[in-house]
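Visitor: I would like a close look at one enclosed space inside this protein, and at what surrounds it. Please take me through it slowly, and then on to the neighbouring topics of sheets, rings and charges.

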Amino acid sequence: MKSAIEQRQIQLAQMEIEKYRSIVESDPYRLSYHLMPPVGLMNDPNGFIHWNGVYHVFYQWMPFKTGHGAKFWGHYTSCDLVHWKLEPVALAPSEWFDKNGCYSGSAVDNHGLLTLFYTGNVKDEDGNRHTYQCMAVSENGIDFVKKGVVVTLPDGYTAHFRDPKVWKKDDDWYMIVGAQSESLDGKAVLFRSKNLTQWEYLGAIAGGKQKQLGEFGYMWECPDLFELDGQDVLIVCPQGLKAKGMHYQNVYQAGYFVGRLNYETAEFVHGSFTELDRGFEFYAPQTTLDAKGRRLLIAWMGVPDQDEEKHPTIQQRWIHALTLPRELRLIDGKLHQVPVEELQKLRKNEIAYTNVTVANEEISLEGISGNVIELKFDIHQLEGMIEMQIRNNARLIYHHDERVLTLERKSFVNGLTEKRQCRLEHLLSLHIFLDTSSIEVFVNGGEEVFTARLFPYPSNHSIVIAANGKCIFDITKWNL
């Protein structure tokens, strides 16, 4: 049973939802088919799991303001990854080990019990941080009871030690935690357990100034390790990487290493770091394996410390959202992301054009517009440059000769044009999900992805296609 303090915290959060419901829901930038907080601030997805036929997504939540603070775990469920139900709050900061926040973590099925692991954040009287890896359990997937601390801080690390991801391999459980060493290098740290309550420290499997990396950030957040197509993939969010050409343009990064983990020696032999998303807002991705055998990913459509206080939704008492769920595939050593096929259930009012030619001109096609749409754009021939202008707020531009794909948008901070780019040998297709205030672009079947928040004039639904040269393409649009 939840403690009286936790019950009171949850009651106060529910009162906040009711107090501001009409203000939040009247926002024209409220998204149509993405997960958002009912009020306040949402950040990392947590505990993403397919359990007893139901998908669960928990999330970091601050109900009382649109800034960060002592986080709760909010909770959504779905039977199809498309239609989601807001569930009661799963966890609230309340106990000695989590009184300043129930930070990010994961979920597993332990003999029928839905079991959560999370970081308890504590600040003492002098403002010093203490962190504990904690556990909570539920029989019905809705009501959770905290079981307390299962892992304390090992020697050699600062209190920036958080975001446990737990999984089972053979007869053992494993936990990977994002960490900062006492030398201020980001690390991914591995533990092993037979029973989920007693954990053996195995060491850092990867990190800055280890065998395969030089300096690589001062903190690694939100680690996730899984097997895909016979290889091990480690997703991490390094903080402190400096921009390098088109890479590392956001304040903090989210990406992965592909390699092989030796579970006995806790050694991870891996390749280079690759960014997962080339857009403006993408962080803290988490994956799960569902009953169909798919490795699914969902992420926060935001980045910490990146102009969060300037988002226009703040005046409506809410901020941030999660990305669409995506299926991961490993192709030639690179992760590809594709929107889950269930999203096709949202499609209606299809409009399609085939073999459209644009040559040194710009065109608008009747019916190809909207603010809550899915768009597929398949190129048959391209000479020169092609661009798509979206709601007079964003542009996708591909220069065939330069082999560069660019997403431009009008900054919600100062209205100036800003961009994110990647090198791309050929542009074959764009698969675009446009929501009232977001865009997700899957390039060449998920070879690259751009995720961003957009805040155009709500009444502007225009889409314009232009070519400097010649482009022949098919285009299909659905309302969602």
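Guide: In this predicted model, strand S1 (40-51), strand S5 (102-110), strand S9 (157-169), strand S13 (219-228) and strand S18 (283-289) each contribute at least two residues to the lining of the second largest cavity. That cavity holds about 80 Å³ of space, and of the 15 residues that line it, those closest to its centre are Gly-105, Asp-163, Cys-222, Pro-223 and Gln-286. Sorted by character, the residues of this lining comprise six nonpolar, five polar and four charged.

The second largest cavity belongs to a set, since the count comes to five cavities of 30 Å³ or more. In the largest cavity there is about 110 Å³ of space, and among the 14 residues lining that cavity, Asn-250, Glu-275, Asp-277, Arg-278 and Gly-279 are the closest to its centre. The lining of the largest cavity divides into five nonpolar, five polar and four charged residues. As a general point, rolling a probe the size of a water molecule over the atoms is what shows where empty space is left.

From the cavities we can follow strand S1, one of the strands that supply the lining of the second largest cavity, into a sheet. S1 takes part in an open sheet of five strands, whose order is S4-S3-S2-S1-S20 and whose pairing is mixed. The edges of this sheet are strand S4 (84-86) and strand S20 (318-319), each of which pairs on one side only. In general, the strands of a sheet pair through backbone hydrogen bonds, either parallel or antiparallel. Strand S3 (residues 72-78) pairs with S4 in the antiparallel sense, over three bridges, and there Tyr-76 stands opposite Leu-86 in S4.

Tyr-76 also leads to the aromatic residues, for together with Tyr-59, Trp-61, Phe-64 and Phe-72 it forms one aromatic cluster. The two ends of that list, Tyr-59 and Tyr-76, thus share a cluster with Trp-61, while the structure as a whole holds 28 aromatic pairs.

Rings also appear beneath charged groups in two places that can be described in the same careful way. Arg-317 lies over the face of Tyr-20, at 4.0 Å from the ring centre, and Arg-409 lies over the face of Phe-280, at 3.9 Å from the ring centre.

Methods
Residues are numbered from 1 along each chain as its sequence is written. This is a predicted model: local features need pLDDT of at least 70, side-chain atom pairs count only at pLDDT 80 or more; totals for chains, interfaces and linings use all residues. Side-chain values use heavy atoms; hydrogens and water are left out. Rings of Phe, Tyr and Trp (its six-membered ring) pair if their centres lie within 6.5 Å; planes under 30 degrees apart count as stacked, over 60 as edge-to-face and the rest as tilted. A charge sits over a ring if NZ of Lys or CZ of Arg is within 6 Å of the ring centre and within 35 degrees of the ring normal. On a 1 Å grid over the protein atoms alone, a cavity is a set of points where a 1.4 Å probe fits but cannot get out, and a pocket is an open set with protein on both sides within 12 Å along at least five of seven lines; lining residues have an atom within 4 Å of a point. Grid points are joined across faces, edges and corners, and a volume is the space filled by probe spheres set on the points. Ala, Val, Leu, Ile, Met, Phe, Trp, Tyr, Cys and Pro count as nonpolar, Asp, Glu, Lys and Arg as charged, and the others, Gly among them, as polar. Helices (H or I, at least four residues) and strands (E, at least two) are DSSP runs, numbered from the N terminus. Two strands pair if DSSP finds at least two bridges between them.
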